[in-house]
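The following exercises concern ring pairs, salt bridges and pockets. Each task is followed by a solution that proceeds step by step.

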Amino acid sequence: MKRSLLFLMAILLGLGASGQRVRHDSVAWSPSALSFDHFRGRPSLSSDGSFACFSLSMTGLNDTVGSIVIPGFQTAATMHPYRSWMLPGSCNPGRLAYHDVQFNLVELMRRHLQHDLDLGAADPDFLLDDARQALYQQLFLLDSVSDYGRDTAVVNRWNDTVTAALAAMPAAEHRGTLRHDWLFEMGFGLGMRDYRGALSDGFHDGIDFDFMLNFLWNRQMLAFDFGVGSAPLRDSVATPDGNFYLDVPASDLRLLFHYGFRLVDRNRWALTPFVGGGLHVIDQSEEDDPFSVHAGTLSAGLLFQHRLSMVFSPVSGGVERSDFDFFVKLTVDHSTFNGIIGKPSGFAIYLDLGIALGYGHYSRR
């Protein structure tokens, strides 16, 4: 029997390798008890009455939300009938009860392993190895105290204890589909601005710095953009309060709010058109000399993101997501400056390149 137990452990550790397909002759654990028909293998030469071959395994199981593929894991507790056998003299209810307790122990450990994997508590391979070691200790203890299943009273007590433990920890076979709850993104970009229309008569093109905050619910995006850049004067620009200095660069400032829809959202890239508006300010103020003009502006654009990395971390009831992106953002604003004599209006085209960090959450239905 000791040699049979060692062989059981070898099969348990060998067939339970991460990512291995379950054979067609395997039987998944179920609440119904084992039957004599589950023992179809050929007895070994050193047979001790009966032998049951079990495995505890882990395979990859991905979830998909839209076009985002989220890696995950699924565990299995199985019996292998063609590697399990029972001699005619051992075909009795007591022997079946002993192997039932063994199978229940494998299933109980599977549930603990699945729970730990869903929480993302540690590296999956480490969790699998740890679960197998704990299972080996439990099976060894069962054999030690029950004389390898011969003591029926001990087997019955173990059965009651393990059955109660299974009832207290539901199998959670149906994990539920994931849904995207929210995503928060923060980005910094640097690029160029190009004035078109009457604005280009008074101001040169310049460098633009952009800071963005995006909040997404499903694919709906609400965004705040703050842009600042240099706007050297091309020609004299007059206001009722005086003229802009030709030799002092002005600042181009924007405070914008956008609504967007993430048209494409994949693991490697995303595309989001957006529209909105806000405040556009051209400022040439000095410490003791405030001087600026402002206008309401309408805005539209396109945000392209290339995902340099996307990391998923299982948590209780869902999955957390962390992104590191490279982005290209094209924004077109239209402003009319009533504070400038002649009320010049025109478009300003901004093209920014930058990096963004994202953090989001998926929950299970």
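**Exercise 1. Identify the cluster that ring pairs form, and characterise the pair of Phe203 and Phe244.**

Solution.

Step 1. In this predicted model, ring pairs join Tyr195, Phe203, Phe244 and Phe291 into a cluster. A search of the whole structure finds 11 aromatic pairs.

Step 2. A pair of aromatic rings is described by the distance of the centres and the angle of the planes. For Phe203 and Phe244 the centres lie 5.8 Å apart and the planes stand at 90°. Planes over 60 degrees apart count as edge-to-face, and the pair of Phe203 and Phe244 is accordingly edge-to-face.

Step 3. Phe203 is placed in the loop between helix 5 (199-202) and strand 9 (206-217), and Phe244 in the loop between strand 12 (242-243) and strand 13 (250-261). The two residues are 41 residues apart, and the pair links distant parts of the chain.

Step 4. Buried means under 20% relative accessible area. Phe203 has 2% relative accessibility and therefore counts as buried. Phe244 has a relative accessible area of 3%, so Phe244 is buried.

**Exercise 2. Classify the pair of Trp269 and Phe304 by its geometry, and decide whether each residue is buried or partly exposed.**

Solution.

Step 1. The ring centres of Trp269 and Phe304 are 6.0 Å apart, with 35° between the planes. Planes under 30 degrees apart count as stacked and planes over 60 as edge-to-face, while the rest are tilted; the pair of Trp269 and Phe304 is thus tilted.

Step 2. Trp269 belongs to strand 15 (residues 269-283) and Phe304 to strand 16. They are 35 residues apart, and the pair links distant parts of the chain.

Step 3. Partly exposed residues fall between 20% and 50%. Trp269, at 32% relative accessibility, therefore counts as partly exposed. Phe304, at 31%, likewise counts as partly exposed.

**Exercise 3. Trace the salt bridges of Asp210 and of Arg254, and name the network that they belong to.**

Solution.

Step 1. Side chains of opposite charge can pair when their charged atoms come close. The structure holds 17 salt bridges.

Step 2. Asp210 and Lys329 meet through their side chains in a salt bridge of 2.8 Å, N to O. Because Asp210 lies in strand 9 and Lys329 in strand 17, the pair ties together parts that are 119 residues apart in sequence.

Step 3. Asp210 has a relative accessible area of 1% and is therefore buried. Lys329 also counts as buried, at 2% relative accessibility.

Step 4. Arg254 forms a salt bridge with Asp333, in which the closest N and O atoms are 3.5 Å apart. Arg254 is in strand 13 and Asp333 in strand 17, 79 residues apart. Both residues of the pair Asp333 and Arg254 are buried.

Step 5. Arg254 has a further contact: Arg254 lies over the face of Tyr350, at 3.6 Å from the ring centre.

Step 6. A separate salt bridge joins Arg307 and Asp265, with the closest N and O atoms 3.2 Å apart. Arg307 lies in strand 16 and Asp265 in strand 14 (residues 264-265), 42 residues apart. Arg307 and Asp265 are buried.

Step 7. Salt bridges that share partners join Asp208, Asp210, Asp225, Arg254, Lys329 and Asp333 into one network.

**Exercise 4. Describe the largest pocket and the second largest pocket by volume, lining elements and residue class.**

Solution.

Step 1. The volume of the largest pocket is about 390 Å³. Its lining consists of 25 residues, and the closest to its centre are Gln114, His115, Asp118, Leu119 and Arg364.

Step 2. Helix 2 (93-119), strand 16 (292-315) and strand 17 (318-336) are the elements that give two or more residues to this lining. Helix 2 provides the largest share, six residues.

Step 3. The lining of the largest pocket comprises 13 nonpolar, seven polar and five charged residues.

Step 4. The second largest pocket has a volume of about 160 Å³. Among the residues that line it are Trp29, Pro31, Asp100, Phe103, Asn159 and Leu166.

Step 5. Helix 2 and helix 4 (152-168) each supply at least two residues of this second lining. Here the largest share, four residues, comes from helix 4.

Step 6. By class, the lining of the second largest pocket has six nonpolar, five polar and one charged residues.

Notes. Residues are numbered from 1 along each chain as its sequence is written. This is a predicted model: local features need pLDDT of at least 70, side-chain atom pairs count only at pLDDT 80 or more; totals for chains, interfaces and linings use all residues. Side-chain values use heavy atoms; hydrogens and water are left out. On a 1 Å grid over the protein atoms alone, a cavity is a set of points where a 1.4 Å probe fits but cannot get out, and a pocket is an open set with protein on both sides within 12 Å along at least five of seven lines; lining residues have an atom within 4 Å of a point. Grid points are joined across faces, edges and corners, and a volume is the space filled by probe spheres set on the points. Ala, Val, Leu, Ile, Met, Phe, Trp, Tyr, Cys and Pro count as nonpolar, Asp, Glu, Lys and Arg as charged, and the others, Gly among them, as polar. Rings of Phe, Tyr and Trp (its six-membered ring) pair if their centres lie within 6.5 Å; planes under 30 degrees apart count as stacked, over 60 as edge-to-face and the rest as tilted. Buried means under 20% relative accessible area, exposed over 50%, partly exposed in between (1.4 Å probe, protein chains only). A charge sits over a ring if NZ of Lys or CZ of Arg is within 6 Å of the ring centre and within 35 degrees of the ring normal. A salt bridge is a side-chain nitrogen of Lys or Arg within 4 Å of a carboxyl oxygen of Asp or Glu.
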